[in-house]
Amino acid sequence: MAASVLIAGCGDLGGAVAARLIRQGCVVTGIRRSPGAMVEGAHLIQADVRSPAMLQQLAAIRPEILLYCVAADVRTDDSYKSCYVDGLCNVLTALRPGRTLRHVFFVSSTRVYGQQDVWLDEESSVLPADFGGHRLLQAERLLQAAEVSSTVLRLSGVYGPGRTRLSEMAKKPETWPSDNVWTNRIHRDDAADFIAFCIMRAMGGEALAPLYLVTDSLPAPRHEVLRWLASRLGVACDTVAPPVTGGRRFSNQRLLASGFRLHYPDYMAGYGAMLDCAD
């Protein structure tokens, strides 16, 4: 029998994961707040994770895997709490009668780390510096207390198809931030590939770590990335880059040790592919 996967938050990233799982023979059901692009082969339910009443239908799906991959609609504490903490609780409660869940994956963020000027990995202390980090950590701990096997995936800055903010900024050096901090990123397709990789390992009964940092292999100062993009775009930039002050650098050694290989191991590979497609 094909594996059954429920994706709560079947938008850009969740939809990309769904497509990959379907190609590997999984039966995928996605939850989405509003109508959007269809994912071929997936069954989509229009529901809001913040509404327990709308989630009552989930028990009949009886999924073996849950991927919780929602995004807050606005950047406020109330929105983060309702989407990440309350929403996760609502979905787990709705699925409880079926008792079929084998593993839950929660897409979190490196925002849970508030430290500055340090290298960080999965063993580093978690010190949130803002409401977003606090709410994401609250949701992670809610999941850890649930009676189900789980893995937290802390993604760094996601870029890729349709995400052109940085390349648009690179075209206007006068708009670049005055500070120069360390930045970390993961291409959307690599993130989706790794999540699907982990789900298939869970379905095969293979061991998974309880936490992965999902980021590429080259943290870089923000101005370095902007200057590289400007050069590729043919934009002149003769200003001197300010010194690097602040930011964090994340290690992806646990991700690589899993056997997964990044298609875009650094910003040059990822943004280079995006710019080539745009030509």
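# Reading the helices and the sheet

The crossing of α1 and α5 is right-handed, in a model that is predicted.

Me: Why are α1 and α5 called oblique to each other?
Reply: Helix α1 (residues 12–23) packs against helix α5 (residues 188–203) at an angle of about 50°, the axes lying 9 Å apart. Angles under 35 degrees count as roughly parallel and 65 to 115 as roughly perpendicular, whereas the rest, outside those over 145, are oblique. The pair α1 and α5 is therefore oblique.

Me: Which residues make the contact of α1 with α5?
Reply: From α1 come Asp 12, Leu 13, Ala 16, Val 17, Arg 20 and Leu 21. From α5 come Arg 188, Asp 189, Ala 191, Ala 192, Asp 193, Ile 195, Ala 196, Ile 199 and Met 200. These residues divide into ten nonpolar, no polar and five charged.

Me: What makes α6 roughly parallel to α8?
Reply: Helix α6 (residues 222–233) and helix α8 (residues 267–278) pack at about 30°, with axes 11 Å apart. The limit for roughly parallel is under 35 degrees, so α6 is roughly parallel to α8. Their crossing is right-handed. In this contact, Glu 224, Val 225, Trp 228, Leu 229, Arg 232 and Leu 233 of α6 meet Tyr 267, Met 268, Tyr 271, Gly 272, Leu 275 and Asp 276 of α8. Eight of the contact residues are nonpolar, one is polar and three are charged.

Me: Why do β3 and β11 stand at the edges of the sheet?
Reply: The open sheet has seven strands in the order β3-β2-β1-β4-β5-β7-β11, with parallel pairing. Strands β3 (43–46) and β11 (211–214) each have a single partner strand, so each has one side without a neighbour in the sheet. From one strand to the next, the twist averages 20°.

Me: How do you know that β4 and β5 pair?
Reply: Two strands pair if at least two bridges are found between them. Strand β4 (residues 65–68) is joined to strand β5 (residues 103–109) by four bridges, and the two run parallel. Ile 65, for instance, has His 103 in β5 as its bridge partner. Helix α3 (residues 131–145) packs on the sheet, where it touches β5 and β7, and its direction makes about 165° with that of β5.

Me: Why is Ser 150 called buried?
Reply: Buried means a relative accessible area under 20%. The value for Ser 150 is 18%, so Ser 150 is buried. Ser 150 belongs to strand β7 (residues 150–155). Leaving aside residues up to four places away in sequence, Ser 150 touches His 103, Val 104, Leu 143 and Pro 210.

Technical notes. Residues are numbered from 1 along each chain as its sequence is written. This is a predicted model: local features need pLDDT of at least 70, side-chain atom pairs count only at pLDDT 80 or more; totals for chains, interfaces and linings use all residues. Side-chain values use heavy atoms; hydrogens and water are left out. Axes are lines fitted to C-alpha atoms, for helices over the stretch in contact, and angles run from 0 to 180 degrees between N-to-C directions. A crossing is left-handed if the near helix is turned anticlockwise from the far one by less than a right angle, and right-handed if clockwise. Contact means heavy atoms within 4.5 Å. Ala, Val, Leu, Ile, Met, Phe, Trp, Tyr, Cys and Pro count as nonpolar, Asp, Glu, Lys and Arg as charged, and the others, Gly among them, as polar. Buried means under 20% relative accessible area, exposed over 50%, partly exposed in between (1.4 Å probe, protein chains only).
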